[in-house]
Structure formats: structure tokens, C-alpha cells
Amino acid sequence: MKVLGIESSCDETAAAVVCDSPNTEGCILSNVINSQIQLHAKYGGVVPEFAARSHAKVIDNVINEALLRANCSLDDVDVIAATASPGLIGGLLVGTVCAKTISALTNKPYMAINHLEGHLLTCRLCYNVDFPFLALLTSGGHFFFIEVLGIGEYKILGKTLDDAAGECFDKVAKMLGFEYPGGVAIQKHAQFGSQNRFQFPIPLQRRPGCDVSFSGLKTAVKNLISSMDNLSYQDKCDIAASFQKTVVRFIIKQLGKALRMSSHHPKTLVVTGGVAANSELRDALSSLSAQQNLNFCAPPLSLCTDNAAMIAWVAIEHLSSGSRLLKSRMSFNSL
Ligand code: KG4
Ligand code: ZN
């Protein structure tokens with residue numbers, strides 16, 4: 001089986017052709033990404049109107065390129081799968097209407113895919129990861145601790161009460177005058193800074209459960225910056241390093257609670273979403289997994305950030321597990 005995947009929920013227009021040989025990156029026949037990073041860089045965040053227009057402009061070329069690199073045509077594709085939610089509506093409309101049009105013209109089935117499910121199942125596209133596993137999904141727009149019990153069986157243990165971690169990285173980077181996307185910039189400049197120069201408060205100290213919150217931390221950084229005159233480059237690096245350390249410590253603390261709350265004895269800890277690219281976070285997760293006797297799985301960075309291979313893969317997982325095409329997938333819609 002070959003699936004054409006389409007992703008356009010945020011600032012990446014992506015298409016991929018994936019086949020169903022399981023648990024190997026070899027089943028990704030092509031994975032094309034047209035990033036809008038340059039378009040949004042001067043605004044320090046994604047501008048939805050510009051994002052939608054850019055998706056509409058390039059999506060046909062991106063799909064053609066994905067077919068070309070996979071050495072196949074639409075005749076060889078069995079299913080067309082596109083991200084249908086969550087995301088920015090302009091981009092979702094471009095991707096889903098395009099996928100439905102291809103479906104109507106070729107008489108091949110269309111599958112609406114949940115973007116978060118794409119991030120969650122990426123580990124199984126790359127590695128032999130069995131259920132149940134515990135996933136930390138941390139991206140620009142989302143933050144969840146989720147027990148993944150099977151295909152379509154997702155138990156949310158904790159989530160953000162306000163901003164996502166990636167959004168917080170992006171906003172702090174903007175305050176410091178660093179380039180976009182902020183997470184990459186914070187990590188880059190933090191390596192020249194002191195982690196211990198500034199103490200930021202760890203959020204939600206007394207709250208039970210494993211939810212997270214990043215808006216207070218963002219405000220703490222803002223207040224610190226306002227209280228300092230003329231930040232030097234070293235000041236900025238020190239703030240970046242101290243902020244990054246606090247985010248990582250906070251995530252690890254809440255993740256420890258999530259593991260204690262999980263009732264299904266996950267064997268593996270999985271990290272996914274754009275913030276999974278952060279090496280300090282990866283190192284801390286890897287140590288925590290070793291302490292807790294868990295396998296640790298972090299997909300390659302190129303598959304942690306938004307891509308269409310993960311969207312095609314969700315279709316394959318559902319079809320392989322016996323889901324009927326176009327079946328309502330309410331179980332995940334609560335996300
Ligand atoms: O998953 P993703 O590509 O898009 C969403 O679905 O949101 O994640 C993008 C987010 C951005 O907020 C970006 O700043 C963050 O991931 N990010 C990082 C790093 N690389 C990307 N955050 C922290 N450290 C990084 N190295
Ligand atoms: Zn994403």
C-alpha cells in the first residue's frame with residue numbers, strides 16, 4: 001500500500017509518499033517540505049494570512065515533487081491522507097480541499113488525519129516501538145503527556161494550561177531580539193551563557209497532577225529584561241541558558257509525575273514535536289528513561305518537526321489496524 005500524505009496546518013507545506021513496510025525509515029519513499037520560515041521570520045511568529053496564501057501557491061508543486069522523488073504517479077497511490085485538524089484554518093483548507101480534489105479525480109479514498117496523532121505515531125514509523133508507550137508531545141502549538149495504548153487509544157495525562165513550550169521559546173527569543181524560530185535560536189545562544197546566573201520560578205509547584213504552564217515563566221523573563229538596561233550579548237545568552245534550564249527542569253519534573261500517574265506500565269518514553277529538537281531536553285529525557293528503566297525513543301529531528309510522512313503513516317497505521325476508510329475518529333477528536 002502507498003499513501004500520499006499532505007500537511008499544511010501551520011507554516012510548512014509538505015507532501016510525502018509512504019508505503020506500509022513497518023518500522024523502518026525505508027518505507028518513506030519521499031518527504032518534501034516547503035518551509036515558510038523566511039516568510040514569517042521578520043514577524044517573530046506565524047502570520048496566518050501569509051501562511052495560507054503561501055500554502056495555496058506551492059502545494060501543487062510540493063505534491064508533484066513528492067510523487068517525482070518517490071518515482072511514482074497518482075495511479076500508484078492507494079490513499080490520499082491530509083491533516084484536517086488541529087491547525088490554522090487557511091492552511092487546513094488548502095491541504096484538505098487539495099486532497100479531496102485528488103481523491104475525486106482519481107477515485108481513490110481520502111482520509112482526514114489529526115496532526116497530533118501524526119506526531120504521536122512518528123516513533124513507529126522510524127523504530128519498532130510497541131504499545132503502551134508514554135509520549136511527550138511538545139511543539140509550537142501543543143504540549144501533552146499522553147499514554148498511547150494502541151492505534152486510536154490515547155489517554156491524556158497532562159497538558160498545558162496556557163502556552164505551549166515552543167511558543168514560549170519563540171516569544172522569549174523575540175524578547176531577546178534573537179532570530180526565528182526561537183527554539184533553535186535560544187539553544188544556539190544558550191551554549192555561550194551561564195545557566196545559573198538567573199533563577200526563574202518553577203511553575204505550578206503546589207498543583208496536583210502533571211499539567212504544565214509556561215506563561216508565568218514568559219512573564220518572569222519579560223520582567224527581568226525590563227529591569228535591566230541595555231542588555232549585552234552575554235546578558236542575553238545568560239538569560240537564554242537560565243530560561244532553557246528552567247523549562248527542561250520543569251518538563252522533567254512534570255514528566256516524572258506523568259509516569260507515576262500512568263496506569264498501563266509504558267515500556268518506552270517517546271518525545272516528539274518541534275521542541276524535541278532541543279538537545280538539553282533530549283539529554284534530560286534520556287537520563288530520566290535510564291533511571292526509570294524505560295526505553296527512550298526520539299525520532300530523527302527531521303521527522304519531529306512538521307512533515308507529511310507522519311500524516312501518511314497515521315493512515316497506514318489505521319488501515320493496518322483494521323479501521324474502515326473515512327470512519328469517524330472521535331476517540332482522538334477530544335484533543
Ligand atoms: O512541531 P513543530 O515543527 O510545529 C508545530 O506543530 O508547532 O514545532 C515548532 C516549534 C517552534 O516553536 C520552535 O521554536 C520549536 O518547535 N523548536 C525548538 C527547537 N527547535 C524547534 N524548541 C526548543 N529547542 C529547539 N532546538
Ligand atoms: Zn506539529
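How far apart along helix 4 are His115 and His119? In this predicted model, the two histidines lie 4 residues apart in helix 4, which comprises residues 115-126, so about one helical turn separates them.

**The zinc site**

Both of these histidines serve the zinc ion (ligand 2), which is coordinated by the NE2 atoms of His115 and His119 together with OD of Asp306, at 2.1 to 2.2 Å. Read along the chain, the donors of this ion follow the spacing H-x3-H-x186-D. His115 is buried, and His119 is buried as well. The angles among the 4 donor atoms run from 95 to 146 degrees, and the site is classed as irregular. The reasoning behind that class rests on a cut-off: four donors count as tetrahedral if all angles lie between 85 and 135 degrees, and the upper end of the range here is 146 degrees. For reference, the ideal angle for four tetrahedral donors at a metal is 109.5 degrees.

**The fold as a whole**

The protein contains 12 helices and 10 strands. Its radius of gyration is 20 Å, close to the 20 Å that the globule rule gives for 335 residues, and therefore the protein is as compact as a globular protein of that length. Further whole-protein values are collected below.

| Property of the protein | Value |
|---|---|
| Span of the C-alpha trace along the principal axes | about 60 × 45 × 30 Å |
| Buried share of the 335 residues | 54% |
| Accessible surface | about 14,200 Å² |
| Share of accessible surface belonging to carbon and sulfur atoms | 52% |

Contacts across the sequence complete this description: when those between residues at least 6 apart in sequence are considered, 73% join residues at least 24 apart.

**Aromatic contacts**

A search of the whole structure finds 6 aromatic pairs. One of them is formed by Phe214 and Phe250, whose rings meet edge-to-face, with 5.7 Å from centre to centre and 80 degrees between the planes. This pair links distant parts of the chain, since Phe214 sits in the loop between helix 6 (182-190) and helix 7 (215-227), whereas Phe250 belongs to helix 8 (residues 233-261), 36 residues apart from it. Phe214 counts as buried because its relative accessibility is 0%, and Phe250 is likewise buried, with a relative accessible area of 0%. Phe214 and Phe250 also take part, with Phe143 and Phe145, in one aromatic cluster.

Key
Residues numbered from 1 in each chain as written. Chains lettered and ligands numbered in written order. Predicted model: local features only at pLDDT ≥ 70, side-chain atom pairs only at ≥ 80, totals over all residues. Heavy atoms only, no water. Donors = N, O, S within 2.8 Å, 3.2 Å for Na, K, Ca; no water. Tetrahedral: all angles 85-135°; square planar, octahedral: opposite > 155°, others 65-115°. Buried < 20%, exposed > 50% of the residue type's maximum accessible area, 1.4 Å probe, protein only. Rg over C-alpha atoms; globule rule 2.2 N^0.38 Å. Contact = heavy atoms within 4.5 Å. Areas by Shrake-Rupley, 256 points an atom, 1.4 Å probe, with all protein chains shown as cover. Phe/Tyr/Trp six-rings, centres within 6.5 Å; stacked < 30°, edge-to-face > 60°.
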